[in-house]
Amino acid sequence: MLPVLRGQRVVLRAPTQDDVPFLLAFANDPDLRGWLRFAFPTTEEMESRWLRGLDGERERVWLMTDPADGRAMGTLGLSEWDRVARHAELGLGILSPADRGRGVGEEAVRLALRHAFVDLNLQRVWLHVVEDNPARRLYARLGFREEGRLRRHYHKRGAWRDGIIMGLLREEWRG
Ligand SMILES: CC(C)(COP(=O)(O)OP(=O)(O)OC[C@H]1O[C@@H](n2cnc3c(N)ncnc32)[C@H](O)[C@@H]1OP(=O)(O)O)[C@@H](O)C(=O)NCCC(=O)NCCS
């Protein structure tokens, strides 16, 4: 069972089948596709099947919701959970530009890191980011370090872009 992670600006909770319309809008948003890894549009059936298949074993996905009214704002996932090496990949996105830039993403990442290091006992959290994404500053502020550059790894917003891998070790996490 996925725990609810509560902050002041955002509450992370497990998505349900009622959230499929939001997940579909998220997955098919052309602007988000310019920053996230997914490349192709999806269908309601595919989203619904993907949701049913989530078992929390290797991938944990939360909906980022507004504490005031519960509306969905975005998604956050810890995926590629390796229980031997104790690491997982972090990924997140906020659908509406109106919800970005007001501290929701930062708080959501903080909540996810606490869950990763305390509840899951991970020793490393890592992520992929497209080279020109301003989110790199946010991750750096939270202690993530750049670990590698994947040259011309993405074709996003009409051009080839390098991919950056960033990682945060347990002892570098500032709580
Ligand atoms: C990246 C994202 C989750 C950050 O969440 P957020 O709520 O907008 O960020 P916060 O308000 O908590 O923090 C602001 C920081 O986020 C970063 N940021 C990234 N995209 C941003 C945007 N569109 N608007 C404002 N800040 C953005 C900046 O580093 C900013 O810090 P700075 O002002 O010091 O430069 C969100 O902007 C988003 O969903 N962007 C599109 C999808 C995406 O790029 N996801 C990450 C893929 S690695």
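Let me start with strand 6, residues 124–130, where the side chains alternate along the strand: V125, L127 and V129 point to one face and are buried, whereas R124, W126, H128 and V130 point to the other face and are not buried. Please keep in mind throughout that this is a predicted model.

Which strands pair with strand 6? With strand 5 the pairing is in the parallel sense, over 3 bridges, and within it R124 of strand 6 is the bridge partner of H87. To get from strand 5 to strand 6 the chain passes through helix 4, and the β-α-β crossover made in this way is right-handed. With strand 8, residues 159–169, strand 6 pairs in the antiparallel sense over 7 bridges, and there V129, one of the buried residues of strand 6, stands opposite I164.

Now to the core. The largest nonpolar core has 37 residues, and those with the most contacts inside it are L12, M64, A108, A112 and A116. Several elements give two or more residues to this core, among them strand 2, helix 1, strand 3 and strand 4, together with strand 5, helix 4, strand 6 and strand 8, and the largest share, 8 residues, comes from helix 4. If we take A116 and leave aside its neighbours within four places in sequence, we find it in contact with L78, A88, L122 and V125, the last of which is again on the buried face of strand 6.

Let me turn to two residues in loops. R86, in the loop between strand 4 and strand 5, has a phi near 60°, a positive value in a residue other than glycine. N121, in the loop between helix 4 and strand 6, also is not a glycine and has a positive phi of about 60°. Are these residues buried or exposed? R86 has 15 other C-beta atoms within 10 Å and is therefore partly exposed, while N121 counts as exposed because it has 10 C-beta neighbours inside 10 Å.

Finally, the ligand. Which residues come nearest to it? Of the 20 residues around the ligand, these are R100, G101, G105, E106 and R137. Strand 5 (87–94), helix 4 (104–119) and helix 5 (135–141) each supply at least two residues of the shell around the ligand, and as for its composition, the shell divides into 10 nonpolar, 6 polar and 4 charged residues. Helix 4 therefore deserves a second look on the screen, since the element that brings 8 residues to the core also supplies residues to the shell around the ligand.

Technical notes:
Residues numbered from 1 in each chain as written. Predicted model: local features only at pLDDT ≥ 70, side-chain atom pairs only at ≥ 80, totals over all residues. Near = placed C-beta within 6 Å. Helix = DSSP H or I, 4+ residues; strand = E, 2+ residues; numbered from the N terminus. Nonpolar A, V, L, I, M, F, W, Y, C, P; charged D, E, K, R; others polar. Buried ≥ 20, exposed ≤ 12 C-beta atoms within 10 Å, placed from the backbone. Pairing = 2+ DSSP bridges. Right-handed = clockwise from strand over helix to strand, strands pointing away. Core = buried A, V, L, I, M, F, W, Y, C linked by C-beta atoms within 7 Å. Contact = placed C-beta atoms within 7 Å.
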